[in-house]
Amino acid sequence: MSLASVLAFLGLALLALGWFWPRGLGLGAWLYLGAALADALSKGVFSGPAQPALVLGGLLALRGEALALRPKLSSLRRYLLALALVLGLFALKALPHPRGELPLFLTLFHAGAFLVAYLALAVGVGAGVMCALQDLRLRAHPERALGAPPLWSLRRLERGYLRVGYGAATLGLGSGMAWAFSYFGSPLSLDPKEVSAFLGWLLFTLYFLLEDRLRGRVRAGLLLLAYALLLFAFLGAPFLGSRHPSRLPP
Amino acid sequence: MALPLYLVGLSHKTAPVEVRERAALDPAVALPAALRRLGKAVVLSTCNRTEIYGVGAPEEAKALLRERGVEPRYLYVKEGMEVLRHLFRVAAGLDSLVVGEAQILGQVREALFLARAHKATESLLEKAFQSAIALGKRARSETAIGAGAVSVAYAALDLAQAVYGDLTGLTVAVLGAGEMAELFLTHLRAHGVGRVLVVNRTAERAKALAERLGGEAFALEALPQVLAEADLVVASAAAPHYLVRPEDLPRRAKPLFLIDIALPRNIDPRVGRLPHAYLYNLDDLQRVVEKNLKARLGEVPKVEALIEKALGDYLEWYAGHRVREAIRALEERLLREVAKEFPHADPLTWHKEAGRRAHPLILALKAQARP
């Protein structure tokens, strides 16, 4: 077991404890980041999917820890913690992955942009779904809305994070397509990773176009589906025998 | 031996308001006089109840209330454990008109302070009231008996907070200058709303309310401009038609929270269908209040359990209190015996050994003394 795996495992355990013990969140987050650093030092920066997963998980956990001071947003904090745990589990599985052979510019720009996108979208989608549900409660059953996170706080979180996330995802997708065009001769192929990332981006585009008209469950469902597709491109697709460059023969 | 406490009183459950009015003892004059007359007693006098808690026989307390024009049929008289149970229920808010209301706890505390100030308390009453106050606090912190708004004004405030969270710095528009609007506005002010824009057909009344609340007065013609600036709207104007229609509201990113407490309504119900508008009327607010009241009633068994625990603790204390002289004598006797038995041991050992021997005997004494 490598140093990165040990750190990631400890981070995962502390984050799980963070569900009941708030300090676990911060400690687990730093162990995630430490594991990513250890892996980067041994294999190179962003050489496999585990590093961005650990960085993303660590940053999400830190964001969740910051929300501990806002008890009304505790449901958003729990959601971010759950996401960080899933990312940690994924990283543990992906850490033994061999070093990838991506061009440096693509490694830094494409992976960096998607890292920002995943981070911002994770917070934005969580806040957006809760905001849509709070809107539903305020209109249909106002008495049930009283204990939930305030609508305007959620909407401000949703707006800011979704816009940043969408912009970063667009840059990441564009750079990925440009590289795929130069490498495969086509910007988009029937690769599960590429297709799911593209569909996720399309759904976010649709969301922004219809933002003022969408409400309630449809709004929440669209956001969740879009993010699930993007998340699948990151966490699920690499295990489906993708054409991702890191899986290409050297 | 029974607990020598008595209670004579009347409340909203037994007497109409005109009788409660006659029984009420004002804290400046009537209450000190009553305490001097009753000797050792604590008087709890609020708008919903007048209750005299004392030690010994309740005759003097009954006579006092009769002299104030309260017929015996309105009075309840309790003795022993029932006095404690009643006091604990009162302090926990179970006996209040609105179950779980918090004001009564302050009134119980105030009654004890007044009795202390007039040297009218003694150990049983002092302990009973201290226990009641502690229980009241526990009930509110450990159960949800005091949770949720139970008045329409607070329900509106809660809903506004469910939309905005923090109300600090928000702009509130008030249509109409009635008493209800003023009440809402007072609550909103207490939560830090920023600008207050008062719109009224009668400019003088708008100006008067705006001056009282530090706001700005507007004529009805300025309503569209006011609506464009407002985050919260409280409508209570007397108008035969809708004053606010969907077409009067500009598109906006921030939510608009509207409360329509006027009859007939001031705000067209179609406004509630706008994507950023959240419109509530009196029925909606009443629904919130009813739900909260129901939730509070669901907490009553938990509070009852706390009351039973507090009663047990009081009895335990009372048993010790009754035999305190006997316990002291027993401890001294055992200490002398131990000192004689172990002359070379140090005093700490004597105390430890005497304590060990005294423990079962003290328990037996307390058990005998329990009422």
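**Exercise 1.** In which sense do strand β6 of chain B and β7(B) pair, and over how many bridges?

*Solution.* The model is predicted.
Step 1. Locate β6 of chain B at residues 196-200.
Step 2. Read its pairing with β7(B): parallel, over four bridges.
Step 3. Pick one residue pair. B:Val198 has B:Ala217 in β7(B) as its bridge partner.

**Exercise 2.** Find the strand order of the open six-stranded sheet in chain B, then explain why β7 and β10 stand at the edges.

*Solution.*
Step 1. The order is β7-β6-β5-β8-β9-β10, and the pairing is parallel.
Step 2. Count partners at the edges. β7 (216-219) and β10 (277-281) of chain B each have a single partner strand, so one side of each lacks a neighbour in the sheet.
Step 3. Add the twist. Neighbouring strands are turned by 20° against each other on average, direction ignored.
Step 4. Place a helix. Helix α7 of chain B (residues 152-164) lies across β8 (232-235), β9 (256-260) and β10. It runs at about 165° to β9(B).

**Exercise 3.** Describe the make-up of chain A, then examine two of its annotated transmembrane regions.

*Solution.*
Step 1. Chain A has eight helices and zero strands.
Step 2. The unreviewed UniProt entry places transmembrane regions in chain A, including residues 164-183 and 195-210.
Step 3. Check residues 164-183 of chain A: 100% helix, 0% strand, with end C-alpha atoms 28 Å apart.
Step 4. Check residues 195-210 of chain A: 94% helix, 0% strand, with end C-alpha atoms 22 Å apart.
Step 5. Turn to burial. Of the 250 residues in chain A, 48% are buried.

Definitions and conventions
Residues are numbered from 1 along each chain as its sequence is written. Chains are lettered from A and ligands numbered from 1 in the order in which they are written. This is a predicted model: local features need pLDDT of at least 70, side-chain atom pairs count only at pLDDT 80 or more; totals for chains, interfaces and linings use all residues. UniProt positions are given in the numbering used here, feature names are shortened, and annotations may be inferred rather than shown by experiment. Two strands pair if DSSP finds at least two bridges between them. Axes are lines fitted to C-alpha atoms, for helices over the stretch in contact, and angles run from 0 to 180 degrees between N-to-C directions. Two residues are in contact if their C-beta atoms, placed from the backbone, lie within 7 Å. A residue is buried if 20 or more other C-beta atoms lie within 10 Å of its own, exposed if 12 or fewer, and partly exposed in between; C-beta atoms are placed from the backbone.
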